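Visitor: Hi! I'm new to looking at protein models. Could you walk me through this one?

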Amino acid sequence: MESGFGPYYIDHTLGIWPQSASGTPFSSAEFQSTGDPITDLSEDMAAEQKARTTYDNILRVVKDPDVCAPIRFLREREIVHFQRFGEGLRLIQEDLNSKNFYAFNPEFTNKKK
């Protein structure tokens, strides 16, 4: 109760309930997908960088080694995810028509006549 987690405990006991630091619950509205692989992978890469920044900020203020160790692991995981999404983006870009590098969107190239 003193730490402010009383209402959380009442609702969820010790279960994990995904929410932002501001208390906003997670929902599927957080996912973005356009169907365009370049756009979607760029969005994924941005999300990984945002998560890494959050972990960096936590590590700047928290000094407890038992808290820092898992946060460092999560931070490293975000870096690896960013790299893998970047590799996927590079592979897709290598297969695109060089004249249509930035404008690739199947909806534009498959118009009915």
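Visitor: Which way does α2 cross α3, left-handed or right-handed?

Guide: The crossing of α2 past α3 is left-handed. Keep in mind that this is a predicted model.

Visitor: OK, and how do people describe two packed helices?

Guide: They give the angle between the two axes and the distance between those axes. For α2 and α3, the axes come within 9 Å and cross at roughly 160 degrees.

Visitor: So are they roughly parallel or roughly antiparallel?

Guide: Angles over 145 degrees count as roughly antiparallel, and α2 and α3 are therefore roughly antiparallel to each other.

Visitor: What kinds of residues make up the contact of α2 with α3?

Guide: It is a mix: 16 nonpolar residues, eight charged ones and six polar ones.

Visitor: Let me zoom out. How many helices and strands does the protein chain have?

Guide: There are four helices and zero strands. Read from the N terminus, the order of elements is α-α-α-α.

Visitor: And how much of the chain is buried?

Guide: The chain has 113 residues, and 14% of them count as buried.

Visitor: What about contacts between residues far along the chain from each other?

Guide: Take the contacts with a separation of 6 or more: 48% of them come from residues 24 or more positions apart. For a pair you can find yourself, try threonine 39 and leucine 89, which are 50 residues apart along the chain while their C-alpha atoms are separated by 9.4 Å.

Visitor: Where does threonine 39 lie?

Guide: Threonine 39 is part of helix α2.

Visitor: Is threonine 39 buried, exposed or partly exposed?

Guide: Threonine 39 counts as partly exposed, because its relative accessibility is 38% and that class lies between 20% and 50%.

Visitor: New topic: salt bridges. How many are there?

Guide: The count comes to five salt bridges. One of them joins aspartate 56 to arginine 52, with the closest N and O atoms 2.4 Å apart.

Visitor: Where do aspartate 56 and arginine 52 lie?

Guide: Both lie in helix α2, which covers residues 37-61, and they are four residues apart, about one turn of the helix. Aspartate 56 is buried, because its relative accessible area is 13% and the limit for buried is under 20%.

Visitor: Which residues are linked with Asp56 in a network?

Guide: Arg52, Asp56 and Arg75 are linked in a network of salt bridges.

Visitor: What about helix α3, which residues there meet in a salt bridge about one turn apart?

Guide: Look at arginine 90 and glutamate 94, whose side chains meet in a salt bridge at 3.1 Å, N to O. The two are four residues apart, about one turn of the helix, and both lie in α3, residues 65-95.

Visitor: How accessible are arginine 90 and glutamate 94?

Guide: Arginine 90 is partly exposed, with a relative accessible area of 40%. Glutamate 94 is exposed, and its value is 52%.

Visitor: Which residue forms a salt bridge with glutamate 78?

Guide: That is arginine 77, with the closest N and O atoms 3.4 Å apart. Glutamate 78 is in helix α3 and is buried, with a relative accessible area of 6%. Arginine 77 counts as partly exposed at 35% relative accessibility.

Visitor: Leaving aside neighbours within four places in sequence, what is glutamate 78 in contact with?

Guide: Beyond those neighbours, glutamate 78 is in contact with Glu48, Ala51, Arg52 and Tyr55. You have met Arg52 already, as arginine 52 in the salt bridge with aspartate 56.

Notes
Residues numbered from 1 in each chain as written. Predicted model: local features only at pLDDT ≥ 70, side-chain atom pairs only at ≥ 80, totals over all residues. Heavy atoms only, no water. Salt bridge = Lys/Arg side-chain N within 4 Å of Asp/Glu carboxyl O. Buried < 20%, exposed > 50% of the residue type's maximum accessible area, 1.4 Å probe, protein only. Axes fitted to C-alpha atoms, helices over the stretch in contact; angles between N-to-C directions. Parallel < 35°, antiparallel > 145°, perpendicular 65-115°, else oblique. Left-handed = near helix turned anticlockwise from the far one by under 90°. Nonpolar A, V, L, I, M, F, W, Y, C, P; charged D, E, K, R; others polar. Contact = heavy atoms within 4.5 Å.
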